[in-house]
Amino acid sequence: MKKIGFLSFGHWANHPAYQTRTASDTLLQSIDLAVAAEAIGLDGAYFRVHHFAAQLGSPFPLLAAIGAKTNKIEIGTGVIDMRYENPLYMVEDAGAADLISEGRLQLGISRGSPEQVIDGWRYFGYEPAKGETDADMGRRKALEFLDKLKGVGFARPNPYPMFPNPPGLLRVEPHSEGLRERIWWGAASNATAVWAAENAMHLQSSTLKYDESGKPFHIQQAEQIRLYKEAWKKAGHTREPRVSVSRSIFALVTDQDRRFFGQEADRVDKIGMIEADKRAIFGRSYAAEPDQLIKELAEDEAIREADTLLLTVPNTLGVDYNVHVLSAILKHVAPGLGWR
């Protein structure tokens with residue numbers, strides 16, 4: 001049994017082939033897709049966060065809206081760039097969204113990835129401390145966010161407050177009990193996966209990671225997951241860790257599927273430079289008739305190691321088509337792999 005969710009990058013553009021021409025289209029269709037995904041039995045609705053781009057950049061209003069219109073589907077991000085965040089304000093936003101969804105938030109965070117603009121976090125008013133890199137700053141903010149999610153008071157109360165205070169130091173509100181245990185870290189390297197385990201975060205591993213061995217992507221990713229699990233066990237955490245991997249998977253069951261994604265059938269892993277000094281490996285896409293897809297996916301070691309699979313969706317093609325894409329995986333592929 002495996003949890004299966006979708007991951008949307010939330011693109012929009014004034015393009016004649018797009019069903020998402022505006023930000024409003026993307027936001028409203030994201031809500032509709034999450035509602036429909038819950039109805040067909042999907043386990044999660046996740047959204048990528050990018051700033052300075054025609055994509056979803058402000059996740060908490062969207063997550064709260066989905067939480068209010070659904071009942072059981074997990075709701076999350078993959079991932080929020082912590083370099084842009086105020087950890088205390090984020091605790092408030094996340095707490096509110098989690099309470100609205102009655103404890104279904106699964107929040108993916110990370111130190112950040114290549115951006116649309118140079119050092120975009122500076123425009124948000126943030127600077128690394130002396131001796132820090134921007135990656136260090138992102139991890140420091142992540143740790144502060146985790147600490148404040150515990151709900152322990154830390155702020156000195158005003159002796160003459162507008163409203164009566166409870167005794168002791170104050171915390172930010174609203175506090176959502178249990179949210180600290182539902183934070184995930186998006187790791188691009190083996191080292192940061194281990195760091196995530198040491199800090200009791202679940203692991204999100206996407207369709208790319210740093211190329212650390214020259215091996216095929218799914219093998220490198222499976223090795224990363226095993227290192228994470230070993231580090232979790234060594235750290236002595238009492239709860240079970242969770243691991244998600246992302247994949248682009250399309251079951252070709254209609255002529256429309258074949259027109260859209262038939263050319264993906266021969267895709268292979270790719271190597272590229274995600275940063276000036278970082279060689280990355282990008283995992284292949286999967287697109288085939290269901291029987292062939294089952295054979296190919298059965299060889300993916302990282303999917304076998306993960307308990308959660310996030311299917312990247314072409315959100316620009318609209319809600320109905322994406323429901324079809326997800327339904328085809330649930331109906332024609334998942335049972336043959338023991339995912340359902």
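Contact here means heavy atoms within 4.5 Å. The structure is a predicted model. This briefing covers its aromatic pairs, two lysine charges over rings, the surroundings of Glu74 and the strand β9.

**Glu74 and its contacts**
- Glu74 lies in strand β3, which spans residues 74–77.
- Glu74 counts as buried because its relative accessibility is 11%, and the cut-off for buried is under 20%.
- Leaving aside residues up to four places away in sequence, Glu74 touches Lys3, Asp43, Gly44, Ala45, Tyr46, Arg104, Gln106 and Arg242.
- With one of these residues, Arg242, the side chain of Glu74 makes a polar contact of 2.9 Å.

**Strand β9**
- Strand β9 covers residues 243–247, and five of its five residues are buried, so the strand is largely enclosed by the rest of the structure.
- Val243, Val245 and Arg247 point one way from β9, while Ser244 and Ser246 point the other way.
- Residues on both of these sides are buried.
- β9 pairs with strand β7 (residues 202–205) in the parallel sense, over three bridges.
- In that region, Ser205 stands opposite Val245 of β9.
- β9 also pairs with strand β14 (residues 308–313), again in the parallel sense, over four bridges.
- Thr308 in β14 is the bridge partner of Ser244.

**Aromatic pairs**
- Nine aromatic pairs are found in a search of the whole structure.
- One of them is the stacked pair of Phe250 and Phe261, with 3.8 Å centre to centre and 5 degrees between the planes.
- This pair links distant parts of the chain: Phe250 belongs to strand β10 (residues 249–251) and Phe261 to helix α8 (residues 255–261), 11 residues apart.
- Phe250 and Phe261 are both buried.
- Phe261 also forms an edge-to-face pair with Phe260, at 6.1 Å centre to centre and 65 degrees between the planes.
- Phe260 is partly exposed, with a relative accessible area of 31%, whereas Phe261 is buried at 9%.
- Elsewhere, Phe52, Tyr84, Tyr123 and Phe124 form one aromatic cluster.

**Charges over rings**
- The charged end of Lys148 sits over the ring of Phe154, 4.9 Å from the ring centre.
- Lys278 places its charged end over the ring of Tyr210, at 5.0 Å from the ring centre.

Key. Residues numbered from 1 in each chain as written. Predicted model: local features only at pLDDT ≥ 70, side-chain atom pairs only at ≥ 80, totals over all residues. Heavy atoms only, no water. Phe/Tyr/Trp six-rings, centres within 6.5 Å; stacked < 30°, edge-to-face > 60°. Buried < 20%, exposed > 50% of the residue type's maximum accessible area, 1.4 Å probe, protein only. Lys NZ or Arg CZ within 6 Å of the ring centre and 35° of its normal. Polar contact = N/O pair within 3.5 Å; in protein donor to acceptor, adjacent residues only side chain to side chain. Pairing = 2+ DSSP bridges.
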